[in-house]
Amino acid sequence: MKRILIKNAELITMNESEEILHGDLLIEDNRIISVGTKVEPKPEDHIIDGTGRTVIPGFIQTHIHLCQTLFRGKADDLELMDWLRTRIWPLEAAHDEESIYMSALLGIGELISGGSTTIVDMETVHYTNEAFQAIAESGIRALSGKVMMDKGTDVPLGLQEQTEASIRESVDLLEKWNGHDNGRIRYAFAPRFVISCTESLLTQVRDLAEHYDVFVHTHASENRGEIAIVEQDTGMRNIVYLDHIGLAGKRLILAHCIWLNEEEKEIIRQRGVHVSHCPGSNLKLASGIAQVPQMAEMGINLGLGADGAPCNNNLDMFNEMRLAALIHKPVHGPTAMNAHHIFRMATIDGARAVGMEKEIGSLEPGKKADLAILNLNSFHCNPSFGTDPISRIVYSAMSSDVETTIIDGRIVMEKRMMKTINQTFVLKESERAISRLMKRAGIHV
């Protein structure tokens, strides 16, 4: 058996008691075998000296768009619908197989280097197979799917779909990729949002998700203009409509959920819907601030996500944790959304959102070895004496403090060196790809 032994580290377990231990962590194949107890190394072990290091569960980002990573900096200072119509949709429509692949690798490289080990990803209409190929090669754990859009008057021709073709392509991708690499890659149906999907498509997605026992990942109630369109089209608010057609349930992951009324929050709670809070994106697009403290108090499961690079403009979970902790304090007081709560959202609650809380999200014997090793021996993280280790991570640490990332028992980055992605190649080819897409989309610098 292949063994990785991390010696003499601080271990932020995020187990039920949120124990913080000091000692060794042993991995065999893709599983954690022991946490905190002293382990005698074997000659064949890959040994990582954890002295002065902090080991955490890998971050779980519950809302990401890998297909948009190439668009970073190309759609700044716009509100959601203008952002989509004038920049994002034209650029997505301009994608080709190579550009999707490069966009995915660029995003994954950033995610891994920041300690994110699992993502819930929504692609664009075409070339999703190439994104899955990048996911497979990189080693990241992912729940991903092709975006579905069979409705909308402002949608570019390149993104317009027929209902049955969208369903057929989605099912083909599901049957090819769902469960790939011993379950590291899973499929989720990804209707973009209610205003770009017919009811026929959404009800078929509902039935197929139940048939295949997979998740549905979509946006909801991100923007007041979006909600007005949904009400005009359906006579109902977003969440009420999703519940009306039978989509609201434990298989549903909703990104944003900023503008909810009490009825909608209660539907989410009762149905066990998971919500992905994306504070960076919500602030940059001026969409608003989600009612996260109230939803948390109700018992709604909340994860964290960076969303896409053109609306954030990075995929850094440390930024999202800090923002999520800070933005609610002026209204709800200094103890609202404390560091421990935020860190749970980034780890074990994110695992719960993807139905894997028994497999990932904490450092416990028997769980999959998805983790990050931090080097917090830096000016911005010290002094550490008398500091709560979790508060130190949430309020002080940065993505550059991540030294090593392990996913499914595989070292994908060690001492800041990427093992599965050729960084020089991806950076060079990404520049070529975005230049090509902007010309094709008619967008000028």
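What share of the 445 residues in the protein chain is buried? In this predicted model, buried residues make up 62% of the chain. A residue counts as buried when its relative accessible area is under 20%.

The overall build was examined next. The protein chain holds 17 helices and 18 strands. Its radius of gyration is 21 Å, close to the 22 Å that the globule rule gives for 445 residues, so the chain is as compact as a globular protein of that length. Along the principal axes, the C-alpha atoms fill a box of roughly 65 × 45 × 45 Å. Contacts were then sorted by sequence separation. Among those between residues at least 6 apart in sequence, 74% join residues at least 24 apart. The accessible surface of the chain comes to about 17000 Å². Carbon and sulfur atoms account for 50% of that surface.

Attention then turned to open space in the model. Rolling a probe the size of a water molecule over the atoms shows where empty space is left. The largest pocket encloses about 400 Å³. Its lining consists of 19 residues, and the closest to the pocket centre are Arg72, Leu106, Glu110, Val426 and Leu427. Two helices, α2 (97–113) and α17 (423–441), each supply at least two residues of this lining. The largest share comes from α17, with 6 residues. By class, the lining of the largest pocket has 9 nonpolar residues, 5 polar residues and 5 charged residues.

The second largest pocket has a volume of about 180 Å³. Which residues line the second largest pocket? From the earlier part of the numbering come Met81, Arg85 and Trp89. Lys151, Gly152, Thr153, Asp154 and Val155 also line the pocket. The list is completed by Ile195, Ser196, Ile229 and Asp233. Here α1 (80–94) and α7 (224–234) each supply at least two lining residues. Helix α1 gives the most, with 3 residues. By class, 5 residues of this lining are nonpolar, 3 are polar and 4 are charged.

Taken together, the two pockets draw on named helices as follows. For the largest pocket, α2 and α17 each give at least two lining residues. For the second largest pocket, α1 and α7 do so.

Technical notes. Residues numbered from 1 in each chain as written. Predicted model: local features only at pLDDT ≥ 70, side-chain atom pairs only at ≥ 80, totals over all residues. Heavy atoms only, no water. 1 Å grid on protein atoms, 1.4 Å probe; cavity = no way out; pocket = protein on both sides within 12 Å on 5 of 7 lines; lining within 4 Å. Points joined across faces, edges and corners; volume = space filled by probe spheres on them. Helix = DSSP H or I, 4+ residues; strand = E, 2+ residues; numbered from the N terminus. Nonpolar A, V, L, I, M, F, W, Y, C, P; charged D, E, K, R; others polar. Rg over C-alpha atoms; globule rule 2.2 N^0.38 Å. Buried < 20%, exposed > 50% of the residue type's maximum accessible area, 1.4 Å probe, protein only. Contact = heavy atoms within 4.5 Å. Areas by Shrake-Rupley, 256 points an atom, 1.4 Å probe, with all protein chains shown as cover.
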